[in-house]
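Hello,

Here is the structure you were going to look at. My notes come after it.

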Amino acid sequence: MKKVVCNLLTGVVVAASMVSCNSDNKENVINPEDRTSVVIHTVVETKAYDNVWERGDKIGVTMYDPAYETIIEDQFNKDYITNTRLGIFNPVDEGQIMYFPDDNSEIRLKSYYPYVTNITEDDQVVHWSVADQSNLPAIDLMTAEHVSGFNKQADVVRLNFYHRLCKLIFLLDTEEDTEGVTLADCDLTIIGMSPANDYDLFNDTFGTADPNANIEVPLRTDEAGNEREAIVLPRAAGGDDVEFRFTTPDGAVYTAIMDPDLALVGGYEYTFYITLQRTPTIIFATIENWLFGGIDYLIAK
């Protein structure tokens, strides 16, 4: 897995700052006890999908014993939220405050975005679905590497987040024989991809994917008329054909077939230039890596 860096769909770098508070500190209403709690700060103000944190974004954080990989003091899946666009995260309530061990022992932290509740301490596996494409940030799974070897005396702990899914961008165009086709209201259906899979948040591994199904990609209000975006599961090269089917308002259907030798790798962005054309033509593709995005020129006929 390549490390995600700034700009296009960048991974997030966060720092956990430890703040001591005691009963003499009357300004601290969240943690009145004499313990060390965790506050999350983003060093780079970027996030999974659109380069900024939104108010209400949540991450889940779990604290482990670095030697035995056991959860420390029930510090499991703590719910941290940001109420600003600056990327400062705090527990949603007093019950979600994460504390470092008082005995100064070392710990390990693991984090992910976006926060979910349907995971257990036993397996820490979530069934992740991309079937609903109406809200891309809500399905853009991202996890941080394990960080260990520090305790409550540490000044800063950094958690480097990585994308685990793939982003697809479709840019539509027409040729002379499709003059008059309205791109603004085209419906897009992805055919031949799995819409869901189990994901192990602790080990950062996928399980067995659900059977292939159609994935509907709506036109969202923030997209131009000739552009569509989707977030999908990683996919190995080969296997069943993947089709991108565009249906125009007048009922005309154009289908482009993805190169079967193209692997969709987690953490990468791929751009497909789709030309709607009624006559057969050659399909070719050029793929570049994450920073510059992947480019695929396809004909939908």
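The notes below cover one sheet and one lysine.

Please keep in mind that this is a predicted model.

The sheet is open and has four strands in the order S15-S12-S17-S18, with antiparallel pairing. Strand S15 (213-217) and S18 stand at the edges with a single partner strand each, so one side of each has no neighbour in the sheet. From one strand to the next the twist averages 20°.

Strand S17 (residues 243-247) pairs with two strands of this sheet. With strand S12 (residues 187-193) there are five bridges in the antiparallel sense, and phenylalanine 244 is the bridge partner of isoleucine 190. With strand S18 (residues 253-257) the pairing is again antiparallel, over five bridges. Here glutamate 243 has isoleucine 257 as its bridge partner, and threonine 247 stands opposite valine 253. The hairpin of S17 and S18 has five residues between the strands, and glycine 251 in that hairpin takes a positive phi near 95°.

Which side chains of S17 are buried? Phe244 and Phe246, which point to one face. Glu243, Arg245 and Thr247 point to the other face and are not buried, in keeping with the alternation of side chains along the strand.

The lysine is lysine 167, in strand S11 (residues 166-174). Its relative accessible area is 9%, so lysine 167 counts as buried, the cut-off being under 20%. The side chain of lysine 167 makes a polar contact with the side chain of glutamate 229, at 3.4 Å.

Regards

Notes
Residues are numbered from 1 along each chain as its sequence is written. This is a predicted model: local features need pLDDT of at least 70, side-chain atom pairs count only at pLDDT 80 or more; totals for chains, interfaces and linings use all residues. Side-chain values use heavy atoms; hydrogens and water are left out. Buried means under 20% relative accessible area, exposed over 50%, partly exposed in between (1.4 Å probe, protein chains only). A polar contact is a pair of N or O atoms within 3.5 Å; within protein, one must be able to donate a hydrogen and the other to accept it, and residues adjacent in sequence count only if both atoms are side-chain atoms. Two strands pair if DSSP finds at least two bridges between them. Axes are lines fitted to C-alpha atoms, for helices over the stretch in contact, and angles run from 0 to 180 degrees between N-to-C directions.
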